[in-house]
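Me: I have a chain open here and would like to talk it through with you. Can you take my questions as they come?

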Amino acid sequence: MAIADEQGKTVRYRTIAKQFEDTVNWFVAYGSTEVWSVLNLTEDTHPFHVHLVQFQALSRDLYNKEGFQPETGGTTTPVSFQAHGTLDANEEGWKDTVRVNPGEMVTIAATFDGFTGRYMYHCHILEHEDHDMMRPFIVMPAAALEAMDMPEMWRPFFTEDVQDQ
């Protein structure tokens, strides 16, 4: 899958998990603040929910998703940035769920403190949860992550290969 950002830089991703039961491949260092970008390539609006943390929505951007092929999960042409959107007034402040409309990328920031353990993020529509639109992540001490010596496991749901165009 290829995604072109606002500057035209294209990043290629490959899927490394498709179902909830697949190997956990997202580890978060306890106490770290992470910025996640959630891109909706479906035709439905998804209320994106993260367990454990309250987060702040930072931005909402619009993407052209015409090159995305749902049958294969790949792209024929990059999904590309179109314009900056706006967050609604009720999306400001601390949240645990944010709306992600079709063709939108919503960026959130969260600090993972208070607890360690296994948590998940998912669409808050029950039928979507029932069809594996959710994935686990593990929050653990940074020292434990370093001791694992598996830097590839620090990466999220997709791995990336950056290529400029």
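Me: What is the mean pLDDT of the chain, and what share of its residues reach 70 or more?
Reply: The mean is 88, and 89% of the residues reach 70 or more, where pLDDT is the predictor's confidence in each residue, on a scale from 0 to 100. This is a predicted model, in which local features need pLDDT of at least 70 and side-chain atom pairs count only at pLDDT 80 or more, while totals for chains, interfaces and linings use all residues. Residues are numbered from 1 along each chain as its sequence is written, and side-chain values use heavy atoms, with hydrogens and water left out.

Me: Where is the pLDDT below 50?
Reply: That applies over residues 155-165, a stretch that has 40 contacts in the model beyond near neighbours in sequence, a contact being heavy atoms within 4.5 Å.

Me: OK, how many helices and strands are there?
Reply: The chain has two helices and 15 strands, taken as DSSP runs numbered from the N terminus, with helices being H or I over at least four residues and strands being E over at least two. Of the contacts with a separation of 6 or more, 76% are between residues 24 or more positions apart.

Me: What is the strand order in the open sheet of five strands?
Reply: The order is β3-β14-β13-β5-β11, with mixed pairing, and two strands are taken to pair if DSSP finds at least two bridges between them. At the edges stand β3 (27-29) and β11 (97-100), each of which has a single partner strand, so one side of each lacks a neighbour in the sheet. From one strand to the next the twist averages 25°, using axes that are lines fitted to C-alpha atoms (for helices, over the stretch in contact) and angles that run from 0 to 180 degrees between N-to-C directions.

Me: In which sense do β5 and β11 pair?
Reply: They pair in the antiparallel sense, over four bridges, with β5 covering residues 46-50. Phe48 is placed opposite Val98 in β11.

Me: Which residues have the most contacts inside the largest nonpolar core?
Reply: Phe48 and Val98 appear again, together with Trp36, Val50, Ile108, Phe112 and Phe137, in a core of 19 residues. Such a core is a set of buried Ala, Val, Leu, Ile, Met, Phe, Trp, Tyr and Cys residues joined through side-chain atoms within 4.5 Å; buried means under 20% relative accessible area, exposed over 50%, and partly exposed in between (1.4 Å probe, protein chains only). The largest share of this core, three residues, is supplied by β12.

Me: What does Phe112 touch?
Reply: Leaving aside neighbours within four places in sequence, its contacts include Val28, Trp36, Leu52, Phe137 and Val139. Apart from that core lies another, of eight residues, among them Met1, Ile3, Tyr63 and Val79.

Me: Switching to Met134, is that residue buried or exposed?
Reply: Met134 is buried, because its relative accessible area is 16%. Met134 belongs to strand β14, residues 134-140, and its C-alpha atom is 4.0 Å from that of His122, twelve residues apart along the chain.

Me: And Pro70, buried or exposed?
Reply: Pro70 counts as exposed, because its relative accessibility is 56%, and its place is in the loop between β7 (68-69) and β8 (74-75). Thr42 is 28 residues apart from Pro70 in sequence, yet the two are 8.0 Å apart in space, C-alpha to C-alpha.

Me: Last one, where does Ala83 sit?
Reply: Ala83 lies in strand β9, residues 79-84, and counts as partly exposed at 29% relative accessibility. Not counting residues up to four places away in sequence, Ala83 touches Asp61 and Leu62.
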